[in-house]
Amino acid sequence: MKIISVVGARPNFMKIAPFIRAIQQYNETIIADGISSSGGGAQRVGEVNPKGGDVRRTEGVNHLLVHTGQHYDDRMSKAFFKALNIPDADINLGIGSGSHAEQVGQTMIAFEKVLVAENPDWVVVVGDVNATLACSVTAKKLNIKVCHIEAGLRSRDMTMPEEVNRLVTDRLSDLLLIPDRLSGENLRKEGVPENKIAFVGNIMIDTLETNRENAGNLSLDNIIKDNLIDGQIAPSPLRPFALMTMHRPSNVDTKEILQLLIEFLSNEITEDMFLIWPIHPRTQSRLKEFGLWEDIIKNKKVILLHPVGYHEMLKLNMGAKLILTDSGGLQEESCVLGTPCLTLRWNTERPITLRENGGASVLVGNNVERIRNEYYKTLQLLRSPQRPELWDGKTAKRCVEAIVNFKDE
Ligand code: UD1
């Protein structure tokens, strides 16, 4: 069986790392099974087991990784491949920045050539970025089966580019691997047949569990020192601190909204603690464009960092008194680590991470009054780790098994 899996942007990398490792382990098991069942004689992957049994199990998976190149900075891409031991992509489409239509269109044109040359059995896409949409449409147009890891999430907010990407990808996918039962309900309501849905758990948590110990051993002071944006000074003592990330167009692309948020965050929260802010390239350019950058870099209690690596972010999350974020992945990681989280959005496609459903986060949108109220309530909360069903670090193995055992009925 030949599988091409696709990554494009930062949040994809932590989802593909365990999947690739699970394919390697699957292939190793097949070789080991082959050796034992053929009485010690080595059986090559791809050969039919001479003693019978499940012929499908004797086939290895031939895997290729395609990077569309949507995220290309070292800090947004290469650093994650290295930290998460992801092998170099077999093919990089080099798409880069651009409007949505440019990114999606160019990815489709380039990916179609790859598919025609490689003719895989499956294309596996993860998450909800432009690469996810572009590559699932391209594969389906060539009648290649599509598997979507992290299927069924719905924010029901059609102004989010990610929601459009999720809907189209799920509509086209042959196999929808869901992270929680709520996502399954969403798909069933949309009429997706049962045989296409498999509940596998959250693959990002595999990465969290694999890297938790190494992240825990890092020094917070070194993380700050090594990632400071020029001109910033490392605080001492650092704790307590709040951790913030913000990059959604709905929060950063309008000057009035961004300005109000920044004023509250950098003037009020900093009365209680430092605000550590690894800043996304989109947000940095908007702040400069709107003339807000100079004020922030002068504020000694707001510590601006470059985008940080995976382990560094995990350690910051483990050490933060609370988190303010509009990132989906951080909502999930905060849930498992138990860090109280204010989600700077009006809706979420990940309701399982909300406090009302047993998680650690609360939706506060971008209304300052609401953020202030929830901030003071959140200050009283203690860290309380949660583990939703099947967020057990073994999701990638279930993903591979769902694909190799898939029956098209
Ligand atoms: C994308 C995803 C979003 C995800 C986010 C995580 C889509 C629709 N959005 O949003 O779901 O949460 O990634 O980061 O796919 N840039 C750089 N260097 C890079 C990449 C981008 O400087 O390596 C700059 C470019 O100027 C670009 C801007 O950041 O215009 C935004 O990048 P883009 O890939 O368009 O979307 P994100 O906002 O990163």
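Start by selecting strands E1 (residues 2–7) and E2: the two pair in the parallel sense, with six bridges between them. Keep in mind as you click around that this is a predicted model.

**The sheet**

Zoom in on Ile-4 and look across into E2, where its bridge partner is Leu-64. Now colour E2 (residues 62–67) by burial: the strand is mostly covered, with five of its six residues buried. On to E3, which E2 joins through two bridges, again in the parallel sense. Pick Val-66 here and you'll find that its bridge partner in E3 is Ile-91.

Next, show the whole sheet. It is open, has seven strands and pairs in parallel, and reading across you get E3-E2-E1-E4-E5-E6-E7. Which strands stand at the edges? Select E3 (91–92) and E7 (197–199): each has a single partner strand, so one side of each is left without a neighbour in the sheet. As for what holds such an arrangement together, strands of a sheet pair through backbone hydrogen bonds.

Now pick E4 (residues 122–126) and E5 (residues 145–149). Five bridges join these parallel strands. For a landmark, take Val-123, which stands opposite Val-146 in E5.

**Two cysteines**

Stay with E5's residue range and select Cys-147, then add Cys-399. How many disulfides does the structure hold? Zero. The sulfur of Cys-399 is the nearest cysteine sulfur to Cys-147, yet it sits 6.7 Å away, and Cys-147 is in no disulfide. Cys-399 is in no disulfide either, and its nearest cysteine sulfur is that of Cys-147. A disulfide would need the sulfur atoms within 2.5 Å, so this pair doesn't make the cut. Are they buried or exposed? Cys-147 counts as buried because its relative accessibility is 0%, and Cys-399 counts as buried because its value is 0% too.

**Salt bridges**

Time to switch on the charged side chains. The structure holds 26 salt bridges, so here are three to visit.

Begin with Glu-150 and Lys-15, whose side chains meet at 3.0 Å, N to O. This pair links distant parts of the chain: Glu-150 is in the loop between E5 and H5, Lys-15 is in helix H1 (residues 10–37), and the two are 135 residues apart. Both Glu-150 and Lys-15 are buried. Expand the selection and you'll see them as part of a network of salt bridges that also takes in Asp-128, Glu-163, Arg-166, Glu-332, Arg-345, Glu-349 and Arg-350.

For the second stop, select Arg-181 and Glu-389, a salt bridge of 2.7 Å, N to O. Here Arg-181 belongs to helix H6 (residues 181–189), while Glu-389 is in the loop between H15 and helix H16 (395–404), and 208 residues separate them along the chain. Arg-181 counts as partly exposed because its relative accessibility is 48%; Glu-389 is partly exposed as well, with a relative accessible area of 43%.

Third, go to Glu-268 and Arg-372, where the closest N and O atoms are 2.6 Å apart in a salt bridge. Glu-268 sits in the loop between helix H10 (255–267) and strand E9 (274–278), and its partner Arg-372 is in helix H15, 104 residues away in sequence. Glu-268 counts as partly exposed at 23% relative accessibility, and Arg-372 is partly exposed with a relative accessible area of 22%.

**The end of H15**

You already have Arg-372 in helix H15, so follow that helix (residues 368–379) to Leu-379. What does Leu-379 touch, leaving out residues up to four places away in sequence? Its contacts are Asp-272, Met-273, Lys-321 and Leu-322. If you want a distance to try in the viewer, draw one from Leu-379 to Gly-201: 30 Å, C-alpha to C-alpha, for residues 178 apart in sequence.

**A nonpolar patch**

For the last stop, turn on the surface and select Met-158, Val-164 and Val-168. Together they form a nonpolar patch with about 230 Å² of accessible area. Val-168 lies in helix H5 (residues 161–172) and counts as partly exposed, at 30% relative accessibility.

Note on methods: Residues numbered from 1 in each chain as written. Predicted model: local features only at pLDDT ≥ 70, side-chain atom pairs only at ≥ 80, totals over all residues. Heavy atoms only, no water. Helix = DSSP H or I, 4+ residues; strand = E, 2+ residues; numbered from the N terminus. Contact = heavy atoms within 4.5 Å. Buried < 20%, exposed > 50% of the residue type's maximum accessible area, 1.4 Å probe, protein only. Pairing = 2+ DSSP bridges. Patch = residues over 30% accessible without salt bridge, like charges linked within 9 Å, V, L, I, M, F, W, Y side chains within 5 Å. Areas by Shrake-Rupley, 256 points an atom, 1.4 Å probe, with all protein chains shown as cover. Salt bridge = Lys/Arg side-chain N within 4 Å of Asp/Glu carboxyl O.
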